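Work through the two exercises below with the structure open. Each task is followed by a stepwise solution.

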Amino acid sequence: MADDLIPEEIGDSETLLRRIHRHFFDPDSGRISSGAFDGLEMSVNWDKYANAADTAAQDLTGNILAVVALSAGKCRHLEQEVQHDPTSETAEARANQAHSLVRGKKSRPIKQKLRDASTLVWQAEFGKTIC
Amino acid sequence: MSNATSKDIPFGIERGAFNFMGIQSFESGLAAGQGFGLGQSLNCSRFRGREEGNFRIEARPMSADFPLYNSETSLSRLGLSAELLFLYDSKRTGLSGRFSHRLVELMTLQIGWDGEKAKSPKPEVLARMVGFLMFLKRETAVFLEPFLTPTVEGYAQLEWHDAQRDLDIEATAQGWSITGSEVRAGQSRDYFEADACSREAYKIVEAYSWFAERKLTWPMI
């Protein structure tokens with residue numbers, strides 16, 4: 001967590017943005033893999049400080065195909081904690097005031113439910129925000 | 001560039017090799033257009049979207065220990081063992097060339113491939129996936145090739161999707177994890193899950209049949 005950035009409370013009605021790596025995107029069905037919603041601490045951006053295009057642009061690997069939106073309240077409903085976790089600038093990355101964590105064990109159904117609760121808001125093919 | 005060799009190569013196969021070989025300099029019209037130059041590290045992922053084309057590279061291995069480019073050993077340059085290269089051969093597995101291609105791609109993923117902390121897929125897990133799919137293809141009347149995806153924990157997952165149902169089969173340290181979901185009336189979704197040890201392939205086949213053969217109810221596994 002950044003020393004100079006103070007974490008704030010994220011309300012249930014707030015929107016979180018998650019980058020989707022190309023390995024998690026099935027080009028045949030157009031579906032996103034539930035594997036994209038994994039990890040005890042899943043990094044997301046709070047859309048108060050970064051929009052979908054910003055979120056996609058933060059990735060330096062060039063492998064991001066999409067950005068999806070999740071409601072903070074929905075994440076909490078799925079037994080997850082949502083915490084604002086702004087990060088400081090490092091040698092590899094800029095400071096990110098939007099950085100937040102969806103924290104908690106993600107069982108297989110939870111991963112699927114997070115996937116099903118997400119909405120596609122940005123796709124690399126078009127390079128622009130969808131809605 | 002001294003010691004350089006060059007060849008027109010299909011990029012889809014070669015991108016994993018770049019990371020493995022640690023190629024540090026190259027010349028290419030495409031590469032130059034992507035903002036790379038001599039002496040810069042090659043981040044192969046920057047070539048996203050160029051998977052179907054051919055382009056010319058000139059590469060100089062980082063040290064004498066690295067193998068020089070040799071078109072006759074293109075798969076060997078991926079640094080994969082003979083056992084894993086066996087998997088690549090779609091004629092032997094009966095799986096599509098596209099799937100085999102995907103398999104090789106996953107084999108070459110490095111730690112942090114997701115831009116965060118993801119582990120590389122374990123080779124034995126991918127081998128288990130292929131073995132299971134060969135079995136499934138032989139044992140079932142309707143074989144639908146799945147989408148293969150890595151997991152951030154170093155395992156892999158097979159997925160089948162259609163408008164009504166999803167089926168995920170994840171290889172785990174203990175065996176297999178199976179998750180299904182189905183859209184019900186009113187667009188609500190039901191979720192199902194089951195575990196299977198490595199000797200319980202029949203459970204996975206039943207779950208697969210639920211998806212592929214449109215069985216009415218989730219199997220009691």
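**Exercise 1: a buried charge**

In this predicted model, E159(B) is buried but forms no salt bridge. Find the nearest side chain of opposite charge, and locate E159(B) in its chain and among its neighbours.

Solution.
1. The nearest side chain of opposite charge belongs to R115(A), 4.7 Å away.
2. A salt bridge requires nitrogen and carboxyl oxygen within 4 Å, so this pair does not count.
3. E159(B) sits in strand β5 of chain B, residues 156-161.
4. Its side chain does make a polar contact, at 2.8 Å, with the side chain of Q157(B).
5. Leaving out residues up to four places away in sequence, E159(B) touches S33(A), S34(A) and G35(A), among others. Its contacts in chain B include P146(B), F147(B) and D168(B).

**Exercise 2: the interface**

Describe the interface between chain A and chain B: how many residues are in contact, and what area is buried?

Solution.
1. Count the residues: 30 of chain A contact 35 of chain B.
2. Take the area: about 2700 Å² is buried, with 44% from carbon and sulfur atoms.
3. Find the main contributors in chain A. H23(A), R108(A) and Q112(A) lose the most area to chain B, together 26% of what that side buries.
4. Count the salt bridges: there are 9 between the chains. One of them joins R108(A) to E193(B), at 2.9 Å from N to O.
5. Add the polar contacts: 17 residue pairs across the interface, both residues at pLDDT 80 or more.
6. Assign elements. On the chain A side, β1 (15-21), β3 (64-71) and α3 (108-117) each supply at least two residues. The largest share, 7 residues, comes from α3(A).
7. Classify that side: 8 nonpolar, 11 polar and 11 charged residues.

Notes. Residues numbered from 1 in each chain as written. Chains lettered and ligands numbered in written order. Predicted model: local features only at pLDDT ≥ 70, side-chain atom pairs only at ≥ 80, totals over all residues. Heavy atoms only, no water. Contact = heavy atoms within 4.5 Å. Buried area = accessible area lost by both parts, 1.4 Å probe. Polar contact = N/O pair within 3.5 Å; in protein donor to acceptor, adjacent residues only side chain to side chain. Helix = DSSP H or I, 4+ residues; strand = E, 2+ residues; numbered from the N terminus. Nonpolar A, V, L, I, M, F, W, Y, C, P; charged D, E, K, R; others polar. Buried < 20%, exposed > 50% of the residue type's maximum accessible area, 1.4 Å probe, protein only. Lys, Arg positive; Asp, Glu negative; His and termini not counted.
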